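I opened the notebook with two aims: to record the overall build of the chain, and then to look up a few places where the backbone does something that deserves a note.

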Amino acid sequence: MHRTPLSRRTFGRLTGAAGAGLLAGGALTGTAHAATWRATGTAVAALSAFDTQMKTFMQARGIPAGQLAVTYGGRLVLARGYSTDSTLTVQPTSLFRIASLSKPITAAAVLRLAQDGQLALDTPVTSILDLPATADARWPQITVRRLLQHLGGWDRAISGDPNFADRTISRALGVPLELYPDDVIRYMAGRPLDHTPGTTYAYSNFGYLLAGRVIEEVSGLAYADYVRQKLLAPLGITRMAQGWSIARHTGEVPYRSQYSGVTVLDASGATVPSPYGTFSMRVHGANGGWIASAVDLVRWARVFDQPSAVLNSASLGQVFAQPETGIGSGGSYYGLGWLVRPVSGGTGRNTWHDGSLPGTYTLMVRNYQGASWAVLFNQRDDASGLSYSDIDAALWTAYRAVTSWPSGDQFPSYF
C-alpha cells in the first residue's frame, strides 16, 4: 500500500516470515574455491575467448556465480553459466539481480506510453503525479524526459542518494521501515534541488523511482505489470520479475559480499549480510529492481536494433537522441536509459549500461557492428580489491578475438 495518495495503485509487499526463513539458507557463505570451475550451456569453439576471459576474471576475484550471453546479427550465439563454487551450479537461465540494467527497461516503458499517446515526454512530472507541496519552486521544470536523462536536478555527490537513505527518511517522516517509494518521494519533495532541472547531468536513482511512479499513474497498472504486458510478453520473455530483498525466486542465485550492515527492512537494528537487507528492493523497483538471466537481457536488447511492435522508429530515435546538456568530451552522453557513444565517424553508435548493488555487478553492451552481450555476477566486492568494471575491457578483448561468428541461433533453446 502507498502511504500518500500519489496514485491509485499499490506495490506488493514482500513475504515476511518466508523471506526471513530463506535468509539463513539463501545467503552464500564461506570462501569460493578459485580452483573450481564449472560451466553450463553449449561451448562454442569460435567464441572460446569469451569463456577464457570469464574464467580468468571470476577466479581472480573468487566470484561464485556468473553468466554471459552474446548475440550477433540478432542471433543468440553464446549462452553460458559459470561457477567457481563447487556447491553452486549456474545455468544460462538462472536469475540474477540486474541492478541498474533496470533503467533501460523503465525508460522504454515511458517511451511506450508516449508512443501510445498516453503522455508527452516534455510534460512536467508535477502535472502527472499528485505530489505534496514541494520545497523548491523549480520542480515544475522537471519533465519526464529530464528524469530519464538524469537532468532532474538531484545530485547524489552533493546531497546523497535518497534511495539508500531509508533510516534517515523513516526518522524524518515518522514512518516505519520498510519504506515505500512514495515515502522517498514525499521526503524529496520537501528538500531543495541541487541544480536547476535541465542544466546539469547527475546520475539519479531517484529520478527513475519517479519515472516508475509516472508509469503507474498514467497506465493505471502496477509498474511491473505494465512492463510485462507491453514490453516483455511480446518478446516471449517470461522469467524476468521484480526481485525481493531477502527471499529468492525459483532459479535465482544467492548473493555474496564481504560486508554487512544494519537492516533497513525494519527498525530492529540487526546486522545483516549486505545483499540481504542493507537496501530495500521495494524502493529500487524501477531504478534497479529487476531480476533476469543474461539470455533474457540480450533478447530484450534486440528491441533497440530496429523498429518493432514494442518500440517504433520514432521511439528509438528518442532513445538515442542527444540530451540538452551533458555531452562528454568524447561525445558520449546519457540518452533515455542508455549510455551512448557515437563511433565510426558518427555513422554508428555503441550503447551500454552497467549495474551495481551489494552482491551484484552487471553490464550490457550493444556495439555498432551488430554484436551485443550481457554479463551478470552475484558479487561486486572481494578481498582481492580488483576492479569489477574491468569486465568491460575483458569482454571487448574477447569480442575482438573472434575471427568467425557462428551461423546458428540458440534463442529457440531458451524461449
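I began next to a helix, at Gly 174, which comes just after H6 and takes a positive phi of about 70 degrees. I keep in mind throughout that this is a predicted model.

From there I followed the chain onward and found a cis peptide bond joining Leu 177 and Glu 178, with omega at about 5 degrees. I placed Glu 178 in the loop between H6 and H7.

I then turned back to helix H6 itself, which spans residues 166–173, and listed its buried residues as Asp 166, Ile 169 and Ser 170. Viewed down the axis of H6, these buried residues fall within an arc of 100 degrees, so they line one face of the helix. I noted the general reason beside this entry: an α-helix has 3.6 residues a turn, so residues three or four places apart point the same way. On the face of H6 turned away from the buried side I found the exposed residues Arg 171 and Ala 172. When I asked what covers the buried residues of H6, helix H7 (181–189) was included in the answer.

Next I looked up positive phi values in residues other than glycine, and I wrote down two of them. Ala 99 has a positive phi of about 55 degrees although it is not a glycine, and its place is in the loop between strand S4 (96–97) and helix H3 (102–115). Is Ala 99 buried or exposed? Its relative accessibility is 1%, and since the cut-off for buried is under 20%, I entered Ala 99 as buried because of that value.

His 150 was the other entry, with a positive phi near 60 degrees, and I located it in the loop between helix H4 (144–148) and helix H5 (156–159). At 2% relative accessibility, His 150 counts as buried.

I closed with the whole chain, for which I counted 14 helices and 13 strands. For 415 residues a compact globule would have a radius of gyration near 22 Å, and the 21 Å of this protein agrees with that. The C-alpha atoms fill a box of roughly 60 × 50 × 40 Å along the principal axes, and 58% of the 415 residues count as buried. Among contacts with a separation of 6 or more, 71% are between residues 24 or more positions apart. For the accessible surface I noted about 15400 Å², with 50% of it belonging to carbon and sulfur atoms. My last entry concerns charge: there are 34 positive and 27 negative side chains, and the centres of the two sets lie 3 Å apart.

Key: Residues numbered from 1 in each chain as written. Predicted model: local features only at pLDDT ≥ 70, side-chain atom pairs only at ≥ 80, totals over all residues. Heavy atoms only, no water. Helix = DSSP H or I, 4+ residues; strand = E, 2+ residues; numbered from the N terminus. Rg over C-alpha atoms; globule rule 2.2 N^0.38 Å. Buried < 20%, exposed > 50% of the residue type's maximum accessible area, 1.4 Å probe, protein only. Contact = heavy atoms within 4.5 Å. Areas by Shrake-Rupley, 256 points an atom, 1.4 Å probe, with all protein chains shown as cover. Lys, Arg positive; Asp, Glu negative; His and termini not counted. Charge placed at Lys NZ, Arg CZ, Asp CG, Glu CD. Arc of directions from axis to C-beta.
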